[in-house]
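This report covers the fold, a pocket and several local sites of one protein. Please look over the sequence and the model before reading on.

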Amino acid sequence: MSTQLNSAEVLRFEIAVNAAAYRSLVAGLRKQEPPSLSHRSHRRALKAAVELDLASRSYSVRALGRHKLPQTLSVKPGSRTHNNISSILATSLREQQADDLALLIENIIDATPTIPSEHLQMFRNDIVFQPVNVAEEVERVTQTVAILATLAPTLLLDLDETPTLVVRERPEDLIKEALNTLRADAHIASRPQAKVQENIVEIATSITLPALNDTAVDLYMHWGGYDETAPAWQDELVASSEGSAAGTFSVSHTLYVPNQGHYGATFFLRPQGSTESVWLGRIGADDAHFYVSRDDLEVISERDAMLNEMREIASNMLAISIQHPHTLEEQAQSISSYAPHLGLGALLKEVVESAPSDDGMRALEALTQNTSPTDGVRSLLRTYGIGEVVFTTPEGSHAAAGGLAQVISGLPPELCKAGVPVTIVTPLYAYENGNKHPSAQHLLNQGVQIGTERVKPRYVGSITVNVGPTYYQGTTFHRRPPSALPIKVFLAQSGRLRIFLRANASIFDRLYQPVYADEQLRRAVAFSRATLETVATSHFGIRPSAIVSNDWMTACVPAFAALDPHYQNVPWLKRAKTIHMIHNGGADYHGRLPINVNNEDLWPLLNLAPEHFFGFRDPHNYNLINFTMAASQHVSGGILTVSQPYAHQISNLGGGDGIDYVLQHKRSSVFGISNGINRQEIDRYLASISGLNNDELNDIEKLLEAKASTRARLQERFGLRRDGTARLISFVGRMAEQKGLMLLSGRVDGTLHSALEDLLLKHDDIQILVAGPTTDGDRTSSDLRNTLGYLAARYPGRVAAHFDYIPHSKALEIIFGSTLFLMPSRFEPGGITQLEALATGTLVIGRNVGGISATIDNFNADTGTGNGFLCNDYTPTAFANTAHWAIQTTRNSTTYTNLVRNARSADHTWAGRVPAYLAMLQRMMLGHESFEATPWNAEHRARIPSIAVAA
């Protein structure tokens with residue numbers, strides 16, 4: 001109980017209130033039947049704000065829990081509730097030691113007396129509404145209660161002229177209540193029964209669940225074996241429940257158990273958003289026993305034999321076709337129809353090299369010189385030497401937080417169209433994470449997006465990932481023992497493109513989950529090893545020519561592939577080229593993690609020999625591991641960045657925040673290829689929000705009309721002044737220092753105002769809209785937020801901001817409705833938003849750096865060419881001057897129309913990037929000398945200078 005003095009005659013107290021009594025009271029106010037009370041209701045307490053009138057000794061209640069009441073409730077003097085309150089206060093007051101009443105009251109105000117164990121019981125008949133003076137107010141409150149009662153679990157109305165809803169309990173409170181409820185009321189209703197048929201085990205049981213308030217619960221099976229050859233015990237998601245109704249439910253789940261042995265299984269529940277488990281049987285033990293009588297090695301052997309046979313048949317078909325060129329295209333199509341994952345380019349190279357003398361090469365030369373090759377043959381020759389390409393990534397079409405997801409969604413399908421099979425290895429995240437991704441259960445039920453198809457993943461087996469121990473600092477004593485992480489593998493495939501999804505709720509719970517440094521290190525290690533284990537598992541059928549890792553979360557893949565003897569003993573892994581793709585090379589994105597945390601040595605988590613430590617050490621801080629440094633050191637293929645200017649930047653001393661020291665010595669293996677976009681998808685989206693078809697989108701006049709109507713919707717949505725003549729300037733993206741926020745909020749030379757305010761002052765017809773999530777701890781992010789708050793108040797109706805993650809479709813709508821788009825980046829490795837801006841006919845104001853300079857053509861007033869406005873200096877004044885130039889230039893309607901036409905006609909599609917990727921891959925697969933000597937790849941050789949740093 002805590003108190004405070006309200007006036008000379010009134011004291012205010014906070015008293016613990018029984019939750020069930022509170023809900024019963026609310027039901028009475030709503031004229032509903034009181035809810036049935038359960039023993040769990042008595043364990044959870046709310047707080048009541050109670051006022052004591054010292055003169056009349058009467059009580060009144062203004063708030064229950066965190067919920068204000070529509071009117072103050074008076075407690076009838078002498079009632080049970082009145083006596084209960086008095087008893088609780090008396091108990092608390094007796095605990096105070098004071099010589100006089102004044103000192104006692106002062107102690108009550110300053111102290112927090114102990115709350116008695118007995119919570120306050122409230123009774124409906126003891127409570128009355130205090131009378132109100134205005135009849136209309138009573139009617140308004142009554143109507144509001146009636147409407148809102150169906151929407152809210154509890155009643156929460158503000159005490160003002162127009163009561164408003166502010167409902168919902170805190171998620172952590174709901175989870176805590178759900179855990180308590182599950183522990184009390186959930187149990188296995190019938191002993192689990194296991195039905196074994198060879199290596200397929202079906203376990204059936206029934207489970208009793210209580211009703212839960214707004215809390216989704218996942219049901220897991222915990223299973224494993226007792227024999228040394230059996231898999232490690234693991235947790236498998238069985239089902240999810242919204243917890244809306246209590247009852248007993250039948251559960252059936254099928255397991256694939258590859259090894260002979262004795263096994264056990266049990267079940268547990270876990271509220272979504274919690275890491276705590278509620279065991280339904282014996283904790284961590286087994287409630288179902290079963291025995292698998294044979295290993296499934298026969299099935300695995302059959303699968304391997306089938307893969308080898310398919311490969312051998314395909315090789316023989318290609319060998320015959322080289323001697324009979326007219327059959328090559330038909331044979332290639334036949335192979336792709338029954339084995340789409342086979343890389344025909346790599347297979348063709350093997351066939352040519354295995355032919356006696358130079359017969360194979362001469363046959364191919366004759367094929368190109370003496371005949372006119374068909375499109376199919378020409379396509380096959382373009383992929384000569386290139387087999388299956390594996391992308392390992394935390395993001396993709398199923399989980400998106402930034403540009404990486406767009407790369408993975410856009411590039412692989414285009415590579416597949418060019419004849420290169422692609423495999424994506426990525427996590428299946430257990431829990432929903434806002435706009436970033438749905439839950440694993442949702443994706444397994446609804447499928448993942450592969451190109452234009454939605455494919456349901458199917459379970460194909462399990463892998464075990466070994467993570468090393470940690471030690472007490474400076475000793476060889478384990479602080480945490482080594483662990484084996486069981487991971488389920490699911491496959492979704494469409495044509496040449498397939499996605500392997502790995503599921504383990506402990507490491508793949510949510511995308512970029514904020515965890516401590518030691519846990520980040522453990523997850524990064526497990527992620528990379530899980531990728532290599534997936535590729536190394538022979539019956540999954542992955543035989544890559546190249547493995548492309550993306551950013552620091554996957555940067556250990558090249559290092560582990562090069563340094564771990566386990567992976568070096570896998571033939572197809574040893575032959576594969578590793579490529580690390582740097583989407584952002586700033587030091588904050590290197591994956592720099594401490595070697596030691598809280599006297600715990602973390603390096604052993606990597607499970608590598610000690611001598612390899614120096615290849616991981618951060619060049620600026622020897623107490624840190626740098627994963628991007630490790631990838632740069634150990635790649636066998638090369639380093640790829642998302643634009644050639646940025647590849648040059650990070651390869652020059654001082655430009656790579658440390659990794660430049662390594663890349664200086666690998667310049668011949670550093671490449672830069674600009675990002676792309678899926679133009680068809682963008683046009684489809686623009687058509688959906690504008691009502692135009694594709695032909696009309698290319699009609700600039702109609703496009704401008706559609707942009708104007710979209711701008712009007714944005715003005716209404718974000719509270720901007722409705723003005724058909726206003727021109728909208730937008731910034732959409734992550735608000736971080738790298739994005740050049742200082743150029744927007746920084747002061748213009750010779751003035752006392754920011755660059756954004758300088759634009760508002762000098763151009764009455766512009767409006768500014770900024771949207772995107774802020775970055776905690778980033779000063780430039782908070783400075784921009786404060787600047788926008790000031791500008792919104794100073795220039796009402798002309799400035800709007802939305803500080804939260806923007807779904808891609810909504811971001812694209814903002815860009816489409818804008819006249820000008822801001823990209824003031826301090827550095828920009830590649831960038832995709834500027835490409836989307838061009839595709840929507842929006843002109844870009846940016847800096848002449850990295851991917852921006854590679855993709856934006858600066859406006860030339862003499863020739864009328866260009867699709868943007870670029871500045872060089874990193875100062876608010878320079879950026880403001882460039883923005884003034886852009887605004888003045890686009891006031892001329894003819895010039896503006898031509899610039900929009902230039903923007904729309906810019907070709908930055910992923911299909912247009914594929915030849916550059918093929919050139920890079922072919923050079924890596926063939927080796928520099930063979931690549932230069934191959935007669936039919938003149939197109940590839942011509943592209944190398946535009947993507948390679950060494951050139």
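## Terms and basis

Two strands pair if DSSP finds at least two bridges between them. Helices (H or I, at least four residues) and strands (E, at least two) are DSSP runs, numbered from the N terminus. The model is predicted: local features need pLDDT of at least 70 and side-chain atom pairs count only at pLDDT 80 or more, while totals for chains, interfaces and linings use all residues. Residues are numbered from 1 along each chain as its sequence is written, and side-chain values use heavy atoms, with hydrogens and water left out.

## Strand pairing

Strand β25 (residues 577–582) has five of its six residues buried (under 20% relative accessible area; exposed is over 50% and partly exposed lies in between, with a 1.4 Å probe and protein chains only). It is therefore largely enclosed by the rest of the structure. Strand β25 is joined to strand β30 (residues 638–641) by four bridges, and the two run parallel. With strand β24 (residues 544–550), β25 pairs over five bridges, also in the parallel sense. Ile579 of β25 takes part in both pairings: it stands opposite Val548, and its bridge partner in β30 is Gly638.

A separate description applies to an open sheet of four strands, in the order β21-β20-β28-β27, with antiparallel pairing. Its edge strands, β21 (478–480) and β27 (596–597), each pair on one side only. Strand β20 (residues 470–472) is joined to β21 by two bridges, and Thr470 has Arg480 in β21 as its bridge partner.

## Overall make-up

The protein has 33 helices and 37 strands. Of its 951 residues, 55% are buried. Among contacts (heavy atoms within 4.5 Å) with a separation of 6 or more, 72% are between residues 24 or more positions apart. The accessible surface (Shrake-Rupley method, 1.4 Å probe; for residues, only the protein chains shown count as cover) is about 40,900 Å². Carbon and sulfur atoms hold 49% of that surface.

## The second largest pocket

A pocket is an open set of points on a 1 Å grid over the protein atoms alone, where a 1.4 Å probe fits and protein lies on both sides within 12 Å along at least five of seven lines; lining residues have an atom within 4 Å of a point. The second largest pocket has a volume (the space filled by probe spheres set on the points) of about 910 Å³. It is lined by 38 residues, of which Tyr220, Asp235, Glu236, Leu237 and Ala505 are the closest to its centre. Elements that give two or more residues to the lining include β9 (217–225), β10 (234–241) and β11.

By class, the lining has 17 nonpolar residues (Ala, Val, Leu, Ile, Met, Phe, Trp, Tyr, Cys and Pro), nine charged (Asp, Glu, Lys and Arg) and twelve polar (the others, Gly among them).

## Buried sites

His253 is in strand β11 (residues 247–256) and counts as buried at 14% relative accessibility. Leaving out residues up to four places away in sequence, His253 touches residues including Met221, Glu236 and Leu237.

Ala332, in helix α7 (residues 328–338), is buried with a relative accessible area of 12%. With the same sequence neighbours left out, Ala332 touches Leu344 and Leu380. The C-alpha atoms of Ala332 and Val377 are separated by 8.5 Å, although the residues are 45 apart along the chain.

Helix α24 (residues 755–762) is largely enclosed by the rest of the structure, because six of its eight residues are buried. Among them are Leu756, Leu759 and Leu760. Elements that the buried residues of α24 pack against include α25 (779–794) and α29 (876–890).
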